[in-house]
Amino acid sequence: MGSADGSGPLTPTNSVLQTTTGTTLSATNVVGVDPGVVTPFTATVLIETSRTFPTFRQAVIVVQPVSLNQMGDYHLASSASPASNRGAGARTFGGITVTAPTVDIDGNARSTTQPDIGADEIP
Ligand SMILES: [Ca+2]
C-alpha cells in the first residue's frame, strides 16, 4: 500500500487492517480483527540496546534467514474470515476503472462483484 503523490494519509478500502493510523477511514474496511488465515507467520524486529549507537542515528539489524517450511500460509482458513466477500470487484481512480483479477493466487475463479479480500478466494 502506498501513496501515489507521497503525501497525505493512505485511503485503503475493502481491506482487513490492524490499525487505522495514517489512513482515511472507510466503512468498507474491517479493523482490528484476525483475518483468519491458515497459518500466520509472526515477523518482528527487535533492536537490542547493545546494537544501537549512542547518537540514535543508526542501528544495526541482524537477521536470521527463515527456511521456506517455516513460512506462513496466508490462504483464508474458512468463509468465516472477515475477508470473505468483503473485496471490491472494481474501483475507479481519477476516472480510470481498475477491475479485480478474475482468478486468485491459486488460479481459482474469483467473484467479479464481491471477491474475498487478499490474494486468495475461498471456493
Ligand atoms: Ca484459492
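**Exercise 1. Placing arginine 110**

Task: In this predicted model, where does arginine 110 lie relative to strand S6, and which residues does it contact once its neighbours within four places in sequence are left aside?

Solution, step by step:

- Arginine 110 sits in the segment after strand S6 (96-99).
- Next, look at the surroundings. Arginine 110 has 19 C-beta neighbours inside 10 Å. A residue needs 20 or more to be buried, and 12 or fewer to be exposed, so arginine 110 counts as partly exposed with its 19 neighbours.
- Now list the contacts. Leaving aside neighbours within four places in sequence, arginine 110 touches Ala100, Pro101, Thr102, Val103, Asp104, Pro115 and Glu121.
- Finally, check a distance. Alanine 100 is ten residues from arginine 110 along the chain, and their C-alpha atoms are 8.6 Å apart.

**Exercise 2. Two more residues after S6**

Task: Are proline 101 and isoleucine 105 buried or exposed?

Solution, step by step:

- Start with proline 101, one of the contacts of arginine 110. Proline 101 is placed in the segment after S6.
- Proline 101 has 11 C-beta neighbours inside 10 Å, so it counts as exposed.
- The C-alpha atom of proline 101 is 8.2 Å from that of threonine 112, a residue eleven places away along the chain.
- Isoleucine 105 is also found in the segment after S6.
- For isoleucine 105, 12 other C-beta atoms lie within 10 Å, and therefore it is exposed.
- Beyond its neighbours within four places in sequence, isoleucine 105 is in contact with Ala119 and Asp120.
- Isoleucine 105 and histidine 75 are 30 residues apart along the chain, with 9.2 Å between their C-alpha atoms.

**Exercise 3. Reading the fold as a whole**

Task: How many helices and strands does the protein chain have, and what pattern do they follow along the sequence?

Solution, step by step:

- Count the elements: the protein chain has zero helices and six strands.
- Read along the sequence, the pattern is β-β-β-β-β-β.
- Then consider burial. Of the 123 residues in the protein chain, 11% are counted as buried.
- For contacts between residues at least 6 apart in sequence, 48% join residues that are at least 24 apart.

**Exercise 4. The hairpin of S5 and S6**

Task: In which sense do S5 and S6 pair, and over how many bridges?

Solution, step by step:

- S5 and S6 pair in the antiparallel sense, and four bridges link them.
- Pick out the partners. Phenylalanine 93 has isoleucine 96 in S6 as its bridge partner, and threonine 92 stands opposite threonine 97 in S6.
- Now look at the turn. The hairpin has two residues between the strands, and glycine 94 there takes a positive phi near 55°.

**Exercise 5. Positive phi outside glycine**

Task: What is the phi of asparagine 14, and what is the phi of asparagine 85?

Solution, step by step:

- Begin with the background: most residues other than glycine have a negative phi.
- Asparagine 14 has a positive phi near 50°. Asparagine 14 belongs to the segment before strand S1 (16-17), and is partly exposed, with 19 other C-beta atoms within 10 Å.
- Asparagine 85 has a positive phi near 60°. This asparagine 85 is in the loop between strand S4 (73-76) and strand S5 (90-93); asparagine 85 is partly exposed, with 15 other C-beta atoms within 10 Å.

**Exercise 6. Confidence in the model**

Task: Which element has the lowest mean pLDDT, and which the highest?

Solution, step by step:

- For the protein chain, the mean pLDDT is 86, and 86% of its residues reach 70 or more.
- Among its elements, S5 has the lowest mean pLDDT, 89, while strand S2 (residues 30-31) has the highest, 96.
- A reading tip to finish: where pLDDT is low, the predicted coordinates should not be read in detail.

Terms used:
Residues numbered from 1 in each chain as written. Predicted model: local features only at pLDDT ≥ 70, side-chain atom pairs only at ≥ 80, totals over all residues. Contact = placed C-beta atoms within 7 Å. pLDDT = per-residue confidence, 0-100. Pairing = 2+ DSSP bridges.
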